[in-house]
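Work through these exercises with the model open. Each task is followed by a solution in steps.

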Amino acid sequence: MEPVRKFPDPSAVRDEMLQKYPPKVAKKRAKSIVLNDPEEIPQVQANTRTIPGIITQRGCSYAGCKGVVLGPTRDIVNLVHGPIGCSFYAWLTRRNQTRPDGPEGANYMTYCFSTDMQEEHIVFGGEKKLKQAIQEAYDLFHPKAIGIFSTCPVGLIGDDVHAVAREMRETLGDCNIFGFSCEGYKGVSQSAGHHIANNQVFKHVVGLDDTDKGGKFKINMLGEYNIGGDAFEIERLLEKCGITLVASFSGNSTIGQFENSHTADLNVIMCHRSINYMAEMMETKYGIPWMKVNFIGAEASAKSLRRIARYFEDDELMARVEEVIAEEMPVVRSVVEDVYPRTKGKLAMLFVGGSRAHHYQELFGELGMETLSAGYEFGHRDDYEGRRVIPSIKIDADTKNIEELKVTADPERYRPRKSEEDLARLKEEGLDIREYEGMMPDMKKGTLVIDDISHYESEKLIELYKPDIFCAGIKEKYVVQKMGVPLKQLHSYDYGGPYAGFTGAVNFYKDIDRMVNSRVWKLIQAPWEEDGAALELEASYVTQ
Ligand code: CFM
């Protein structure tokens with residue numbers, strides 16, 4: 001029999017976390033730290049400004065636009081208009097991978113393009129320098145496209161990157177040039193940058209190439225960024241099933257794919273947070289429905305493939321999908337069987353981004369592990385509570401700053417892939433399209449859901465719950481590990497991956513087994529810790 005582990009009462013943990021704060025701060029944080037109830041989902045405060053002085057793990061709008069959404073596209077020159085640090089520190093640390101078409105295929109992802117703004121450009125304006133940089137990049141590489149990303153000073157001094165983009169597009173003639181007003185201070189986190197990126201790609205790129213490139217079941221994969229090779233694994237599965245991937249936004253992608261993406265018949269969404277805007281705009285303009293999927297977890301992958309097949313309502317495709325699942329599952333099962341006795345009952349906590357803190361609970365569930373507490377850095381209420389709450393979300397000034405494009409049906413190219421009747425029928429048959437339930441319905445009653453967790457709150461959680469693994473990013477990693485808890489980076493996957501699909505699940509099971517069962521964590525003792533504590537740990541180590 002597994003020993004039953006007892007934990008402190010979650011509401012007491014919450015009180016303990018809040019009591020250190022000044023009353024005003026405690027009042028605000030209390031709204032972002034909630035006890036979950038999957039039956040009656042409580043409201044969580046999200047997508048609001050971080051309280052100054054609290055150590056947050058959030059990034060900025062520029063990070064969400066340049067790094068997250070556009071960063072993984074290999075043949076766009078991503079030119080940062082700003083001081084060199086903004087570019088250098090955004091340089092490929094996310095481990096988003098790509099596979100160029102042969103040795104001569106364009107791939108600019110390993111370069112770091114910047115206008116290297118100096119004081120003189122801040123004082124006298126940087127547009128001239130920007131034009132020169134565009135010309136230089138064009139002369140050197142002749143890229144199909146150049147994206148210009150505005151860093152904070154650009155907005156402050158008023159450089160018009162859009163006018164420069166327009167002028168240079170006309171001057172050069174055969175290069176699509178567009179700008180992004182994604183200054184770091186826009187919105188409250190990188191989430192604002194996702195929206196800005198979606199808008200500009202939709203406006204300047206999607207729909208430029210009407211060529212029908214063939215394929216019976218054509219989809220786009222939205223919100224999959226190929227971290228650690230995830231997209232490669234998903235591509236392998238889709239190909240095996242006979243599903244054609246027209247475009248991927250934006251892992252392992254090219255600008256040509258975006259231009260042609262409106263020819264697909266379905267948009268499937270991995271990361272809802274970063275790309276739901278694109279999905280909705282494509283549906284309004286071209287009539288392509290969207291559907292949330294999840295390829296993190298073997299069962300989730302099987303379910304997602306089945307959902308895609310059901311959408312197309314094709315018997316052959318459905319049969320093929322079942323064959324593929326049957327082929328892929330045996331290896332998954334044998335690894336689960338091996339590791340399960342060692343991982344069952346272990347505890348995980350996940351604090352990351354705007355989607356993975358939800359998705360990875362699937363994989364932990366497959367290992368018999370429990371997620372005691374989780375939260376997003378920059379999710380919105382719908383990522384927690386489900387899309388049904390969208391109409392009740394209050395729009396504040398920070399969100400109003402971000403442009404909402406007015407999109408209408410394309411007079412020639414709007415073609416509804418499914419009629420409203422078809423969609424209603426599919427819903428009755430269990431295929432709920434345009435829905436995302438969010439994180440909270442999948443978490444147990446009494447688990448702690450915490451938005452934009454502060455450093456102090458993470459430390460308290462670890463101290464009080466002593467989880468077997470903590471999932472977050474590089475900013476947290478070494479602090480958490482010094483507390484004797486292994487940390488898995490869910491942004492970059494440390495050095496591992498892929499973790500998507502069936503092969504990915506196997507990789508994840510093995511990595512987690514190794515991490516949660518390593519005895520090294522029990523031997524960690526900081527110099528300031530008392531001898532007593534060390535002795536106790538040593539004793540437990542010997543008797544195990
Ligand atoms: Fe989407 Fe992402 Fe995420 Fe995200 Fe990110 Fe990321 Fe993330 Mo890091 S797009 S919300 S802005 S799934 S970079 S690939 S891991 S925080 S949970």
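**Exercise 1.** Find which residues F180 touches, leaving out those up to four places away in sequence.

Solution. This is a predicted model. Start on the N-terminal side of F180: the partners there are C65, L70, G147, I148, F149, S150, V161 and H162. Then go past F180: I196, A197, Q200 and V201 complete the list.

**Exercise 2.** Place F180 in the largest nonpolar core, and state where this core lies.

Solution. Step one: the largest nonpolar core has 108 residues. F180, I308 and Y509 have the most contacts inside it. Step two: helix 14, residues 315-343, gives the most to this core, with nine residues. Step three: domain 1 (61-184) and domain 2 (218-343 + 388-428) both give residues to the core, so it lies between them. Last, a second, separate core has 25 residues, including I54, I453, I462 and L487.

**Exercise 3.** Describe how helix 14 packs with helix 21 (residues 501-516).

Solution. Take the angle: about 10 degrees. Take the distance: the axes are 9 Å apart. Angles under 35 degrees count as roughly parallel, so helix 14 is roughly parallel to helix 21. Now list the contact. Helix 14 brings I325, E328, M329, V331, V332, V335, V336, V339, R342 and T343. Helix 21 brings F502, V506, Y509, K510, D513 and V516.

**Exercise 4.** Give the helix and strand content over residues 60-516.

Solution. An unreviewed UniProt entry annotates residues 60-516 as "domain: Nitrogenase/oxidoreductase component". Over this stretch the chain is 46% helix and 13% strand. Its end C-alpha atoms are 32 Å apart.

Technical notes:
Residues numbered from 1 in each chain as written. Predicted model: local features only at pLDDT ≥ 70, side-chain atom pairs only at ≥ 80, totals over all residues. Heavy atoms only, no water. Core = buried A, V, L, I, M, F, W, Y, C linked by side-chain atoms within 4.5 Å. Buried < 20%, exposed > 50% of the residue type's maximum accessible area, 1.4 Å probe, protein only. Helix = DSSP H or I, 4+ residues; strand = E, 2+ residues; numbered from the N terminus. Domains from an automatic or database assignment. Contact = heavy atoms within 4.5 Å. UniProt positions renumbered as here; feature names shortened; annotations may be inferred. Axes fitted to C-alpha atoms, helices over the stretch in contact; angles between N-to-C directions. Parallel < 35°, antiparallel > 145°, perpendicular 65-115°, else oblique.
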